[in-house]
Each structure stands twice: as C-alpha cells, then as structure tokens.
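Student: Could you take me through one charged side chain in this model and then show me how its surroundings fit with the rest of the charges, rings and strands?

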Amino acid sequence: MLKIFIGYEPHETVAFHTLVQSILEHSSEPVEIVPLSLKQLQNVHLSQRERDPRQSNDFTYIRFLVPYLCGYQGKALFMDCDMMFREDPVNLFKHFDGKYAVHVVKHDYEPRDEIKYLGTRQYAYPRKNWSSVVLWNCEHPSNREINPHMIDNAEPAYLHRFQWLKDDEIGSLPVKWNWLVGEYDVTDDVTLNDVGNVHWTVGGPYFYEFRDADFASEWRDMLLKVNHCTQMADLENKEAS
C-alpha cells in the first residue's frame with residue numbers, strides 16, 4: 001500500500017481534497033492518505049514550535065516528522081497540498097532506492113515572483129522547494145535523528161536543506177514529479193503533457209488571482225469529481241437511454 005502524507009493548510013482546504021481526488025483517480029494500487037494537520041499534532045503534543053512569521057503554511061516544519069510518524073519503517077511520500085497528480089503515483093514510488101534517505105526534485109532556480117498567494121512574500125534560498133515533494137526512506141539510519149524535539153528546535157535551513165543528511169544520501173526525482181508552475185520553461189525535453197504532478201507553488205487556480213494558471217482547467221475538472229454525487233434522476237435518465 002502506498003503511504004502518502006499531505007500537508008493540510010486551512011486556507012487551502014479545497015486544494016487538499018482535490019489533490020486527494022487526483023490520487024484516487026490515478027493510483028493503480030491501494031493508497032493510504034494521511035493529512036498532516038498542525039492542529040492535530042499540537043493536540044497530542046507532537047508539535048510545539050512557535051509560528052515563524054516567514055512560513056506560508058501550517059505544515060512548514062511538521063512535514064519532516066514523516067519518518068517518526070511511520071515508526072522509522074517503510075517508505076512514504078510527503079506532498080504539499082497545492083498539487084495535483086496527472087499520472088499514477090505508483091510511477092513516482094518506482095524511483096525509490098533504499099541506499100538514499102530521501103528522494104527529491106533538486107530544483108535550482110530563483111523565484112520569478114516576489115509575492116505569492118494571499119500576499120505572502122516569496123523568499124529565495126538554496127534548495128528551495130526540495131522539501132515540497134519528498135519520497136522518504138523512513139528506515140534509513142540517518143533519518144533516526146528526526147523526532148519532535150529536533151523538528152521543534154532545528155533551524156529552518158537545517159530542515160529544508162536536509163542538512164542532517166550527507167549529499168550522497170539525497171536521491172533525485174525527475175522534475176515531472178514536482179513541476180513548479182510559472183517557474184519552469186517548457187523545452188524540447190519537457191512538455192506540459194509530461195508533467196506527472198503539478199505544483200502551484202505561487203498560487204493555485206482556486207485563488208481568484210491565479211484562476212488562469214497552467215493546468216487550471218484540469219484542476220476544475222478534478223474539483224467536479226470531488227463534488228460529485230449521483231442523483232436518482234441520473235439513474236432514471238440512464239435507464240431511459
């Protein structure tokens with residue numbers, strides 16, 4: 001069973017549920033979906049870190065708890081909520097190699113926008129967005145350093161740059177699994193049709209200002225499936241036809 005943790009942000013509830021729907025639509029294998037809710041983790045005293053004024057969502061730090069929450073067993077995927085699968089997530093998990101502690105898309109870019117959704121400032125820093133999609137090897141010995149105390153007290157750079165790991169313990173994922181909308185140019189090697197997982201890091205189509213972002217129509221089609229419920233009239237019309 002695929003285990004997928006998704007950061008939950010109350011300001012983007014619709015994004016979370018639409019991402020879940022996209023996983024259900026495309027996955028060819030059973031999947032366990034775990035919302036990473038700051039409120040829930042605080043209720044059981046697994047997160048006591050004070051909010052950083054620079055963080056743009058509730059799961060900025062708790063995302064790193066995944067190996068601990070898995071009991072340091074197996075493998076698991078973490079994702080930001082502002083995403084949508086367009087391809088079977090099983091294909092992402094196929095990149096797993098047990099010699100690595102994590103697998104990430106190793107973005108190397110400067111953000112093109114200074115402000116993103118809800119007026120949040122866009123910060124540039126090394127290894128930006130590496131931590132937005134993480135395929136975790138929860139059993140890797142180096143990930144044993146991760147626990148609630150470490151996550152509550154470590155410097156942001158230490159976490160988001162994976163500095164508890166050696167560089168050769170960080171595996172790579174193809175960019176198609178964390179396609180940053182508006183940050184990458186389409187090339188002869190990569191087209192929008194190739195994208196397996198969309199990431200609206202600046203702002204998704206559920207925000208009015210970004211309603212025309214790339215893949216917006218696909219996201220709205222997925223939202224219709226989230227809201228779908230067959231009615232008696234639908235069944236009667238089907239029988240009549």
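Tutor: Let's start with Glu 169, which is buried but takes part in no salt bridge. The nearest side chain of opposite charge belongs to Lys 166, and that one is 5.4 Å away. A salt bridge here needs nitrogen and oxygen within 4 Å, so a gap of 5.4 Å doesn't qualify. Bear in mind that this is a predicted model.

Where does Glu 169 sit? You'll find it in the loop between helix H6 (156–160) and strand S7 (170–172). Setting aside neighbours within four places in sequence, Glu 169 is in contact with Tyr 100, Ala 101, Val 102, His 140 and Ser 142.

Now slide along to Asp 167, which is in the loop between H6 and S7 as well. Asp 167 does form a salt bridge, with Arg 127, and the closest N and O atoms are 2.8 Å apart. That pair links distant parts of the chain, 40 residues apart, with Arg 127 in the loop between strand S5 (102–104) and strand S6 (133–137). Asp 167 is exposed, at a relative accessible area of 54%, whereas Arg 127 is partly exposed at 22%. So one acid in this loop is buried without a salt bridge, while another is exposed and has one.

How many salt bridges turn up in the whole structure? The search finds 7. One of them joins Glu 32 and Lys 3, at 3.9 Å from N to O. Glu 32 lies in strand S2 (residues 31–36) and Lys 3 in strand S1 (residues 2–7), so this pair ties together parts 29 residues apart in sequence. Both ends are partly exposed, Glu 32 at 33% and Lys 3 at 22%. Another salt bridge is between Arg 86 and Glu 218, 2.8 Å from N to O. Here the partners are 132 residues apart: Arg 86 is in the loop between S4 and helix H4 (89–93), and Glu 218 is in helix H7 (residues 216–226). Glu 218 is partly exposed, with 30% relative accessibility.

For another buried acid, have a look at Asp 80, in the loop between strand S3 (75–79) and S4. Its relative accessibility is 7%, so it counts as buried. Beyond its sequence neighbours, its contacts include Arg 63, Phe 59, Ser 131, Ser 132 and His 199.

S4 brings us to an open sheet of 3 strands, ordered S4-S9-S8 with mixed pairing. Strand S4 (83–85) and strand S8 (179–180) are the edges, each pairing on one side only. S4 runs antiparallel to strand S9 (residues 197–199), over 3 bridges, and Phe 85 has Asn 197 in S9 as its bridge partner.

On to the rings, where the whole structure has 13 aromatic pairs. Trp 179 and Tyr 184 make a tilted one, 5.3 Å centre to centre with 40 degrees between the planes. Trp 179 is buried at 3%, but Tyr 184 is partly exposed at 24%. Elsewhere, ring pairs link Phe 64, Trp 136, Tyr 158, Phe 162 and Trp 164 into a cluster. Charges and rings meet too: Arg 49 lies over the face of Tyr 61, at 3.9 Å from the ring centre, and Arg 211 lies over the face of Tyr 208, again at 3.9 Å.

Methods: Residues numbered from 1 in each chain as written. Predicted model: local features only at pLDDT ≥ 70, side-chain atom pairs only at ≥ 80, totals over all residues. Heavy atoms only, no water. Helix = DSSP H or I, 4+ residues; strand = E, 2+ residues; numbered from the N terminus. Buried < 20%, exposed > 50% of the residue type's maximum accessible area, 1.4 Å probe, protein only. Lys, Arg positive; Asp, Glu negative; His and termini not counted. Contact = heavy atoms within 4.5 Å. Phe/Tyr/Trp six-rings, centres within 6.5 Å; stacked < 30°, edge-to-face > 60°. Lys NZ or Arg CZ within 6 Å of the ring centre and 35° of its normal. Pairing = 2+ DSSP bridges.
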